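Welcome! Take a moment to turn the model around on your screen, and then read on with it in view.

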Number of protein chains: 2
Amino acid sequence: MAVTIRDVAKASGVHISTVSRTFSAPHLVNPETRTRVLATAEELGYRPNRAARALITGRTHNIGLIVADIANPFFPPMIKAAETHARRRDYHVFVADTDEDPVVETDLVRALAKQVDGILLCSPRMSDDQIEQVRREVPLVVVNRLIDGLPAVVMDVGTGARSAVRHLLDLGHRHLLYLSGPRGSWTNREIRKAAGAAARAGGAEFTVLGPHVPVSQAGADATGAVLATGATAVLAYNDLMAIGLLQALQDRGVAVPEQISVVGFDDIATSALVRPTLTTVANPTAAAGRAAVDMLLQQGDDGATGQVTLRTDLVIRNSTGPGPYAPAGATTEQVAVYAKE
Amino acid sequence: MAVTIRDVAKASGVHISTVSRTFSAPHLVNPETRTRVLATAEELGYRPNRAARALITGRTHNIGLIVADIANPFFPPMIKAAETHARRRDYHVFVADTDEDPVVETDLVRALAKQVDGILLCSPRMSDDQIEQVRREVPLVVVNRLIDGLPAVVMDVGTGARSAVRHLLDLGHRHLLYLSGPRGSWTNREIRKAAGAAARAGGAEFTVLGPHVPVSQAGADATGAVLATGATAVLAYNDLMAIGLLQALQDRGVAVPEQISVVGFDDIATSALVRPTLTTVANPTAAAGRAAVDMLLQQGDDGATGQVTLRTDLVIRNSTGPGPYAPAGATTEQVAVYAKE
DNA sequence: TAATCTGTTGCAAACGTTTGCCGAATGGAG
DNA sequence: CTCCATTCGGCAAACGTTTGCAACAGATTA
């Protein structure tokens with residue numbers, strides 16, 4: 001029913017191997033023959049069957065992209081960038097969602113393994129051991145997590161956290177609070193460590209609240225606890241939580257940033273849409289997606305397993321303002337630092 | 001290198017066909033033999049090669065999902081639902097992004113055709129003719145567009161638009177404005193027609209502004225034009241535009257809903273996060289994703305090409321309020337109508 | 001003129017499965 | 001004891017490609 005290489009061969013009077021070569025090794029076939037074959041192929045509407053090709057070459061020209069939650073606004077820009085980038089290199093992308101479940105994650109990697117040339121594992125919830133395990137079944141690039149000997153793309157959240165803390169210290173805040181994210185998250189640990197160290201180094205008190213599910217509701221739910229600590233500035237694991245907190249505070253009549261400052265992480269689209277607009281540490285998710293794809297596709301060539309760290313940038317908006325120890329005249333400056341694609 | 005059916009056969013002392021049947025037709029093999037084969041398969045870590053299976057059966061157990069823009073918050077919940085639903089039926093999902101380009105869309109369908117058992121075309125930008133064309137190369141289910149003879153899943157945006165208009169009329173608005181979406185969009189046409197008819201039937205003036213790119217910036221940019229019309233209530237093509245308008249109005253000192261009411265479409269997550277929270281017509285995107293997958297997978301069986309229309313619901317929040325002709329005591333009631341998954 | 005090379009094509013095996021067909025073994029009925 | 005039905009497993013072809021090898025013609029070189 002579908003038109004195959006054989007049909008094209010018959011119609012153009014050559015052997016199937018010639019047709020095959022016309023597509024996969026054009027330089028090996030006479031230009032005249034080639035154009036003739038190409039013409040009949042076009043006419044018949046021939047499209048190479050990738051499954052058959054994959055069977056014999058061992059390369060599927062597919063990659064897998066596994067994320068914890070497609071609907072989490074952090075991921076779509078990354079998925080989009082990765083997919084577009086992959087397609088430009090003639091690769092198709094399987095996208096799968098684990099619903100934050102490490103077991104599903106493992107199964108998914110295994111199920112996809114035979115069908116792809118490699119997998120992008122984004123913000124994995126598996127243990128390091130499990131990852132080491134599945135890595136033997138299929139080439140892997142991990143995003144948002146650093147594991148020895150594994151190719152990875154991470155965002156420099158430590159530096160981002162330090163910038164955020166410094167910003168808050170500069171504004172005169174002396175009691176900072178970190179609204180912690182999910183337990184298994186590498187990013188969460190990094191932020192907490194870096195922010196804690198920077199805060200204490202700056203002579204400020206540092207409180208941690210959590211862990212939390214990384215959704216806006218969790219931020220809203222934490223409002224009472226946040227206020228109870230007496231902190232005047234909050235750094236949240238991600239923008240979603242920050243926004244939840246932001247709105248819940250205002251609903252209670254607590255003014256942001258006058259009474260309390262809030263900083264998020266990620267710079268999702270929504271952060272510029274809420275009022276006050278959210279000060280946040282921008283993560284280059286699109287760049288991460290592209291970098292991960294490149295890394296995966298190069299992996300075949302050499303065995304080199306690089307680890308790439310992408311720069312994060314503090315985007316100062318309107319949710320942060322002077323604190324109780326503000327130097328005279330301290331004020332937030334509007335800085336727009338995000339790079340266009 | 002990878003373990004194949006042959007390795008399992010050798011290791012368990014049976015013919016490869018027996019191993020094959022153990023997996024694809026278990027009832028045809030002796031329970032004893034079966035358990036033995038399964039044991040060695042497990043031990044060797046055998047996983048069936050789907051490409052090989054696809055080659056001979058003609059069924060890939062993959063489906064394609066093509067959307068205009070993964071990063072548009074309207075789509076991720078749909079992608080997520082479709083992927084999860086498909087996986088439960090043992091299908092993997094290719095996701096691809098056309099960047100709103102009809103040409104890319106066509107190429108993508110063609111490129112994916114041989115690799116999938118069918119494609120979900122979400123909010124296509126192609127012409128009806130082009131769709132009819134590619135439909136001959138691969139089974140299709142279209143989401144958010146109605147084409148004669150083509151299986152489709154659409155949201156009942158007409159009814160949604162009428163509810164929204166009625167809500168605004170009840171609140172005493174007599175000049176409504178529709179902030180139009182992109183030109184090629186079927187949904188946009190439906191909303192405009194239904195809203196216009198309902199407004200005029202209610203004795204109200206109805207103005208259309210557009211077309212616009214369906215992003216928040218477009219909503220913000222339209223602010224001046226909106227105010228110039230003198231309309232007291234705005235219905236936007238989608239939430240993103242509504243939110244852009246909402247915030248731009250407030251930034252200009254125009255109070256929402258006191259001076260002007262705003263209604264969106266879709267009910268994306270952000271709509272409940274902005275202040276005032278956005279009154280909007282909720283689209284069952286997740287249900288649509290699931291329905292589309294079901295429809296695609298059933299399509300093989302019979303030739304029946306159903307068309308499913310999903311119910312939309314007006315979610316009244318805080319961006320709508322009494323207009324100039326409000327009956328005494330008119331007020332927005334808080335209604336929560338969205339169905340949990 | 002013979003030998004060698006180059007460019008082009010055909011031949012056939014291989015990739016990892018599925019599946020129609022056939023034969024062997026088993027068990028019950030007559 | 002024979003016959004038939006049933007259950008099980010092996011055989012081999014097929015799916016649509018790629019690719020190493022060989023064949024051939026013509027051109028170049030010695």
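This report walks through the DNA contacts, then the helix packing, an aromatic pair and some backbone details. Please keep in mind that the model is predicted.

**Around DNA strand D**

Let us begin with DNA strand D, which is surrounded by 27 residues. Closest to this strand are A:S20 and A:R53 from chain A, along with B:H15, B:T18 and B:T33 from chain B. Which parts of the strand come within 4 Å of the protein? Sugar and phosphate make up 59% of the atoms of DNA strand D that do so.

Where on the chains does this surface come from? In chain A, α1 (5–12), α2 (16–24) and α4 (50–57) each supply at least two residues of the surface near DNA strand D, and α2 (16–24) and α4 (50–57) of chain B each do so too. Sorted by class, that surface has 11 nonpolar, 11 polar and five charged residues.

**Around DNA strand C**

Now move to DNA strand C. Here, too, 27 residues surround the strand. The closest are A:H15, A:T18 and A:T33 from chain A, with B:S20 and B:R53 from chain B. For DNA strand C, sugar and phosphate account for 59% of the atoms that come within 4 Å of the protein.

On the protein side, α2 and α4 of chain A each give at least two residues to the surface near DNA strand C, as do α1 (5–12), α2 and α4 of chain B. Which helix gives the most? That is α2(B), with five residues. The class count for the surface near DNA strand C is 11 nonpolar, 11 polar and five charged residues.

**Polar contacts with the DNA**

It helps to look at single atom pairs as well. The table lists some of them, with the part of the DNA that takes part.

| Residue and its atom | DNA strand and its atom | Distance |
|---|---|---|
| A:S20, polar side-chain atom | DNA strand D, phosphate oxygen | 2.3 Å |
| B:S17, side-chain N or O atom | DNA strand D, base nitrogen | 3.4 Å |
| B:R21, side-chain N or O atom | DNA strand D, base oxygen | 2.8 Å |
| A:R21, side-chain N or O atom | DNA strand C, base nitrogen | 2.9 Å |
| B:R21, side-chain N or O atom | DNA strand C, base oxygen | 3.5 Å |
| B:N49, polar backbone atom | DNA strand C, phosphate oxygen | 3.2 Å |

Find B:R21 in your viewer: its side chain has an N or O atom 2.8 Å from a base oxygen of DNA strand D, and there is also one 3.5 Å from a base oxygen of DNA strand C.

**How helices pack**

Two packed helices are described by the angle between their axes and the distance between the axes. Try this first on chain B, where the axes of α1(B) and α2(B) come within 8 Å and cross at roughly 110 degrees. Angles of 65 to 115 degrees count as roughly perpendicular, so α1(B) is roughly perpendicular to α2(B). On the α1(B) side, the contact is made by B:I5, B:R6, B:V8 and B:A9, and on the α2(B) side by B:I16, B:V19 and B:S20. By class, these are five nonpolar, one polar and one charged residues.

In chain A, helix α6 (residues 102–113) and helix α7 (residues 128–135) pack at an angle of about 10 degrees, with axes 11 Å apart. Because angles under 35 degrees count as roughly parallel, α6(A) is roughly parallel to α7(A). A:T106, A:V109 and A:R110 of α6(A) meet A:Q130, A:Q133 and A:V134 of α7(A). Two residues of this contact are nonpolar, three are polar and one is charged.

**An aromatic pair**

How many aromatic pairs does the structure hold over all chains? There are five. In one of them, the rings of A:F23 and A:Y46 have centres 5.3 Å apart and planes at 55 degrees, so the pair is tilted. A:F23 sits in helix α2 of chain A and A:Y46 in the loop between α3 (31–44) and α4, so the pair ties together parts that are 23 residues apart in sequence.

**Backbone details in chain A**

Finally, look at some loops. The peptide bond from A:G210 to A:P211 is cis, with omega near 0 degrees, and A:P211 is in the loop between β7 (205–209) and α10 (216–221). Another cis peptide bond runs from A:V256 to A:P257, with omega near 10 degrees; A:P257 lies in the loop between α12 (239–251) and β9 (261–266). A:S123 is not a glycine, yet has a positive phi of about 45 degrees. Its place is the loop between β3 (119–122) and α7 of chain A.

Conventions
Residues numbered from 1 in each chain as written. Chains lettered and ligands numbered in written order. Predicted model: local features only at pLDDT ≥ 70, side-chain atom pairs only at ≥ 80, totals over all residues. Heavy atoms only, no water. Near = heavy atom within 4 Å. Polar contact = N/O pair within 3.5 Å; in protein donor to acceptor, adjacent residues only side chain to side chain. Helix = DSSP H or I, 4+ residues; strand = E, 2+ residues; numbered from the N terminus. Nonpolar A, V, L, I, M, F, W, Y, C, P; charged D, E, K, R; others polar. Axes fitted to C-alpha atoms, helices over the stretch in contact; angles between N-to-C directions. Parallel < 35°, antiparallel > 145°, perpendicular 65-115°, else oblique. Contact = heavy atoms within 4.5 Å. Phe/Tyr/Trp six-rings, centres within 6.5 Å; stacked < 30°, edge-to-face > 60°.
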